[in-house]
Structure formats: C-alpha cells, structure tokens
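Student: Hey, could you take me through one part of this chain up close? I'd like to see which charged side chains pair up, and what surrounds them.

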Amino acid sequence: MTTITLSRLNASCRGQATVETIATFILMLVMLLAALAVGFAMFQRSQVDYALANVGVWLPSELSGDDDADVKDMVVHAGLFIDPDSITVKDASIVYTVDTTVELDSHYAGIYAEGAQDAQSSVGKMRIKGTVIYSYQNILTGFAPETYTRSIDRTFSAARNFQVF
C-alpha cells in the first residue's frame with residue numbers, strides 16, 4: 001500500500017488558490033466590462049430619444065430658413081450629451097400657422113378704458129417634422145459605426161399675440 005505524506009500533498013497544491021483567484025478576477029472583469037458596454041449603448045440611444053421627446057422646448061430666436069439645420073439645432077440643444085457632428089436631419093419642415101384669431105370683447109375692459117377702438121388675440125402653432133439619424137460607435141459590435149433613425153412630428157403653441165387698435 002502506498003502512503004502519501006501530507007507534505008507532498010501540500011507541495012502539489014501550492015499556487016492553486018492564486019491561479020483560481022486570477023482566473024475568477026479576469027472572468028469578473030470581462031463580465032463587468034460587458035455590462036458597462038450594454039449600459040453605454042442603451043445610454044446613447046436614450047439620449048437621442050430624450051432629445052427627440054424635448055424638441056421644441058428650446059426654440060432659436062430666429063429660424064435660418066434651412067429647416068434641416070434648424071431642426072438639428074433643436075435636437076442638439078434638447079439633448080444632454082449629443083455630438084452635433086453625429087446628427088443628420090432629413091426631410092425636415094417647420095411650419096408656423098396662425099390657428100385662431102379672436103376679437104376681444106368687454107371682458108378686457110381695461111384695454112377699452114385706455115381708448116382702444118378694437119382688440120384681437122391670435123394663437124400661433126408650430127409644427128416640426130423630420131427624420132433624425134444618429135450615427136455612433138457601438139461598443140458591442142467592436143466600435144462598428146451604427147445608425148439610429150427616428151422620426152419626429154410635433155405640434156405645439158408657439159406664440160400668443162395681442163393687438164390693440
């Protein structure tokens with residue numbers, strides 16, 4: 001019968017705990033980086049969705065006439081961490097219409113008390129439409145360029161005007 005002494009058993013297991021610790025650490029590090037990559041990809045897309053949901057919150061003092069550029073400015077200003085070079089806007093249109101014009105009556109007695117002959121109020125609506133394309137480097141696909149496309153179509157009250165004659 002063969003007997004193994006305790007000192008020989010300990011000698012053959014020396015360093016095993018170190019190897020297991022290093023292997024476990026590497027595996028945990030890979031899992032952590034994968035979770036961060038997924039989180040960052042989701043963060044990028046949520047930033048674009050947030051910006052598109054808040055288009056029109058910030059309006060330029062005057063529009064340049066190039067609807068694509070104006071909508072791009074609105075998207076960039078509505079988002080938090082959006083690179084202006086990664087946004088492309090196609091088929092954009094910004095239409096401003098006067099929705100209603102109402103003659104003001106005796107409820108506005110203060111206007112007529114000052115000597116006004118006639119007064120009216122008008123409400124304007126602005127409609128923003130367009131296709132926004134966001135290009136970004138996706139960590140999950142080895143930094144391959146990807147595009148994220150969304151369409152916007154928003155209408156909101158843009159101005160209220162009182163005129164006294």
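Tutor: Start with Arg-150, which counts as partly exposed at 36% relative accessibility. This is a predicted model, by the way, so keep that in mind as we go. The side chain of Arg-150 meets that of Asp-49 in a salt bridge, with 3.5 Å from N to O. Asp-49 sits in helix α2 and Arg-150 in strand β3 (residues 144-164), so this pair ties together parts that are 101 residues apart in sequence. Asp-49 is partly exposed too, at a relative accessible area of 32%.

How many salt bridges are there? The count comes to 2. In the other one, Asp-153 pairs with Arg-127, at 2.8 Å from N to O. Asp-153 lies in strand β3 and Arg-127 in strand β2 (residues 119-138), so here the linked parts are 26 residues apart in sequence. Asp-153 has a relative accessible area of 45%, which makes it partly exposed, and Arg-127, at 37%, is partly exposed as well.

Now for a charged residue with no such partner. Asp-70 is buried, yet it has no salt bridge. Why doesn't Lys-72 count as a partner for it? A salt bridge needs the nitrogen and the carboxyl oxygen within 4 Å, and Lys-72, the nearest side chain of opposite charge, is 11 Å away. What does Asp-70 touch instead? Leaving aside neighbours within four places in sequence, Asp-70 is in contact with Leu-63, Ser-64, Gly-65 and Ile-94.

Asp-70 belongs to helix α3, residues 67-78. That helix has 12 residues and reaches 16 Å from its first C-alpha to its last, close to the 16 Å expected. Asp-70 has buried company there: Val-71, Met-74, Val-75, Val-76 and Ala-78 are buried in α3 too. Here's a handy rule for reading a list like that. An α-helix has 3.6 residues a turn, so residues three or four places apart point the same way.

Two of those names turn up again in the largest nonpolar core. This core has 22 residues, and Val-71, Val-75, Ile-87 and Ile-128 have the most contacts inside it. Elements that give two or more residues to it are α2, α3, β1 (87-103), β2 and β3. Take Ile-87 as a sample: not counting residues up to four places away in sequence, it touches Lys-72, Val-75, Val-76, Ile-82, Val-132, Ile-133 and Tyr-134. Notice that Lys-72, which we met beside the story of Asp-70, is on that list.

Back to α2, the helix that holds Asp-49. It has 38 residues and spans 55 Å from first C-alpha to last, close to the 56 Å expected at 1.5 Å a residue. The buried residues in α2 are Ala-37, Ala-41, Gln-44, Gln-47, Val-48, Ala-51 and Leu-52.

How far can you trust all this? Helix α2 (residues 16-53) has the highest mean pLDDT among the elements, 88, and helix α4 (residues 109-113) the lowest, 56. For the whole chain the mean is 77, with 70% of residues reaching 70 or more.

Finally, zoom out. The chain has 4 helices and 3 strands, in the order α-α-α-β-α-β-β along the sequence. Of its 165 residues, 25% count as buried.

Terms used: Residues are numbered from 1 along each chain as its sequence is written. This is a predicted model: local features need pLDDT of at least 70, side-chain atom pairs count only at pLDDT 80 or more; totals for chains, interfaces and linings use all residues. Side-chain values use heavy atoms; hydrogens and water are left out. Buried means under 20% relative accessible area, exposed over 50%, partly exposed in between (1.4 Å probe, protein chains only). Lys and Arg count as positive and Asp and Glu as negative; His and the chain ends are not counted. Contact means heavy atoms within 4.5 Å. pLDDT is the predictor's confidence in each residue, from 0 to 100. A nonpolar core is a set of buried Ala, Val, Leu, Ile, Met, Phe, Trp, Tyr and Cys residues joined through side-chain atoms within 4.5 Å. The expected span of a helix is 1.5 Å times one less than its number of residues.
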